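Colleague: Please take a single part of this model and go through it closely. I would like to know what surrounds that part, and then how a few other places in the chain are built.

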Amino acid sequence: MCQSLINSRLKIFSSVIIVILFTASALTGCADEFIPSTLPSHITLNQISIEEISVYRNGEPREEEVPSYYEYDQMSPEDQKEWQKKDVLFTGNYIEIDGLKDKKVQSKINEKIKQLYLDNVDFIPPYRGVKAKLGENPQIRQDTYSSMMMYAEGNFNNILSITLNCMITFSPDSKEEHIDVSWSVPLNIDLNTGEDITINQLFQDNIDGIEYLNNYFSEFMAGNYGEEQQWFTGEELMLAGRFDTFEDDQKFAITRYGIKLFFDYETPAVYTGFYSEIMIVPYSEQMVLLESFFDEEVSIYNAKGPAEKNLLDPGVKIDEKLEVSEDYDGISMHRSATYSTEIPEALENRINELYQEGDSEEIKAIEEIRPYYQEALSQYGKENAYGESRHMITYDVSGDFATIRIYRYDYVGGSDGSSYKDFYSQQSMKYEVYDLKAEKLKPMELQDIFVDGADIEALIKSAMIDSINASLSNESDNSNMTGGTYVFGQGENKEKDAQYINGLYNAINGFTPQSNSIILLFDKTPEDIYKEVYDVEIVPENNTSYIYSVDILPYAHIDPRTMTIFR
């Protein structure tokens, strides 16, 4: 078990972690016995570069950067004449890729991507009732912000999935009123051939992809207030009529979390208004898209060296919550545990054990903060003094690895209505990491995620340095600049830089493998280590990258061949 006292800027997650709510037992398997997933545990990022091409409304590349609307609004009338308002109030882009060995395929893809943008320049989506609202000759308002923005939803395993999000304001028949309309158009491309990917290509040969999605959607809706009832579900979907089936050209995108379905004017059974809604269908054993377009032994890219790998986010059904709240003579106590009942029995028992241990820990915590609470009472009175102790246990999965997080937060404060005073504040975090495919579940150590013979210390330290320098390179103001951005470990403070990295490495006492990075815990905060090594009382503002980038180590900074988690 690993423990760390952490400061208030603790980064618990490396990225947005999506929790997918399953409702269809036929799709998720039996919950009585834990069965390890046969899905691939990781994805391999495509070794291509993606450039955003900023464009005018008509799709022509911008000749120069357009000022923001605020900048435009602050200009003199003379300067404003140099800019057409329609340009200032419009943001648009399409993307271009580079890095494929086959330049014909690359050109084909780029032409297809640009055409996607052009096809939507003058498009008015035929939502139900939109024509009655807009009339026969609606005009795009030039004095209101609008956008057509393209980005990559998924860029892995030789699949490129992009989405064009459009948000346009129209004036009905040139009247003064305005109506906002938005829509999304995805494009899923096989980078091997440049061809579009169809829904049925995502599934095993004996699985009808449309039927699979029909069943998932119907069971999801039935589990959330029933078919055809005017109620919103957890995904904010509402049926406007009878749902029978998705069409073969149902819009979808491929993401690291699963298949994203888009609902709009092409799915009239789902109510959306004049905008689109989405739903994530998590990956399952019936899907083959992660393997169908990718061969680990064959590279279609110019890049040399290993490609970055990320752990797959399989989606976790969080359907169990334990919770208790009590008041201890003015100090509030709250304890909770959330997890999935579809986890191994040993882990469910461990979570319950940790939850029960909270009884004695909370009593101890209350005793520790009681003197501070009494001080707050004496200064602010019962109505304005506040004390609390929180103990939270959570569960998530990345790839084949489960993490139990145990978080503690104790606080005492007071307020007189115009100002606040902190009397006591302490946080702690513990991680317990388990390999779900191990024969015997036991907490993992950091060395367990590296191959035998790997120089773990060198790999971790190098990743820390890369993370710091990546953060420094994004700094707009770096007072260490002397003809260029200061490079950590190579400048005038390189000896202290080395001491700082040594101090961080020796302080590691916890970790968790997340989707795109390793999260580290330390028994001393990076801020405290920095102050000791560099002999300062306050971390200089330009060196905050030293503090906030070392507990999150992207897999991009670690050779995947040295790790055991990408299997």
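Modeller: What follows starts with one helix, moves to its surroundings, and then turns to other parts of the chain.

This is a predicted model, in which local features need pLDDT of at least 70 and side-chain atom pairs count only at pLDDT 80 or more, while totals for chains, interfaces and linings use all residues. Residues are numbered from 1 along each chain as its sequence is written, and side-chain values use heavy atoms, with hydrogens and water left out.

The chain has 13 helices and 22 strands, where helices (H or I, at least four residues) and strands (E, at least two) are DSSP runs numbered from the N terminus. Of its 567 residues, 49% are buried; buried means under 20% relative accessible area, exposed over 50%, and partly exposed in between, with a 1.4 Å probe and protein chains only. Contact here means heavy atoms within 4.5 Å. Among contacts between residues at least 6 apart in sequence, 68% join residues at least 24 apart.

The part to look at is helix α11, residues 494-507. Its 14 residues, at 1.5 Å a residue, should span 20 Å, and the end C-alpha atoms are 20 Å apart, so the two values agree. The expected span is 1.5 Å times one less than the number of residues.

The buried residues of α11 are Asp497, Tyr500, Ile501, Leu504, Tyr505 and Ala507. An α-helix has 3.6 residues a turn, so residues three or four places apart point the same way. The cover over the buried residues of α11 includes α10 (456-473), β20 (508-513), β21 (517-522), α12 (526-534) and α13 (545-548).

Among these, α12 can be described further. The axes of α11 and α12 come within 9 Å and cross at roughly 145 degrees. Axes are lines fitted to C-alpha atoms, for helices over the stretch in contact, and angles run from 0 to 180 degrees between N-to-C directions. The crossing of α11 with α12 is right-handed; a crossing is left-handed if the near helix is turned anticlockwise from the far one by less than a right angle, and right-handed if clockwise. On the α11 side the contacts are made by Lys496, Asp497, Gln499, Tyr500, Gly503, Leu504 and Ala507. Their partners in α12 are Pro526, Ile529, Tyr530, Val533 and Tyr534.

Valine 550 also meets this helix. Its place is in the loop between α13 and β22 (552-554), and it counts as buried because its relative accessibility is 0%. Not counting residues up to four places away in sequence, valine 550 touches Met464, Ile468, Tyr500, Leu504, Leu520, Phe522 and Pro526. Valine 550 and isoleucine 465 are 85 residues apart in sequence, with 7.9 Å between their C-alpha atoms.

Elsewhere, three strands form an open sheet in the order β10-β11-β13, with antiparallel pairing. Its edge strands are β10 (252-255) and β13 (277-282), each of which pairs on one side only. The twist averages 25 degrees from one strand to the next. Helix α7 (residues 209-222) packs on the sheet and touches β11 and β13, its direction making about 110 degrees with that of β13.

Two strands pair if DSSP finds at least two bridges between them. β10 and β11 (residues 258-263) pair over four bridges, and a hairpin of two residues joins β10 to β11. Phenylalanine 252 stands opposite leucine 261, and alanine 253 stands opposite lysine 260. On the other side, six bridges join β11 to β13; among the pairs, glycine 258 has proline 282 in β13 as its bridge partner. Six of the six residues of β11 are buried, so β11 is largely enclosed by the rest of the structure.

Two leucines end the list. Leucine 187 lies in strand β8 (residues 179-190) and counts as buried because its relative accessibility is 10%. Leaving aside neighbours within four places in sequence, the contacts of leucine 187 are Lys112, Ile113, Leu116, Leu160, Ser161, Ile162 and Asp196. Leucine 377, in helix α9 (residues 345-380), counts as partly exposed at 24% relative accessibility. Leucine 377 touches Lys382 and Ala385, not counting residues up to four places away in sequence.
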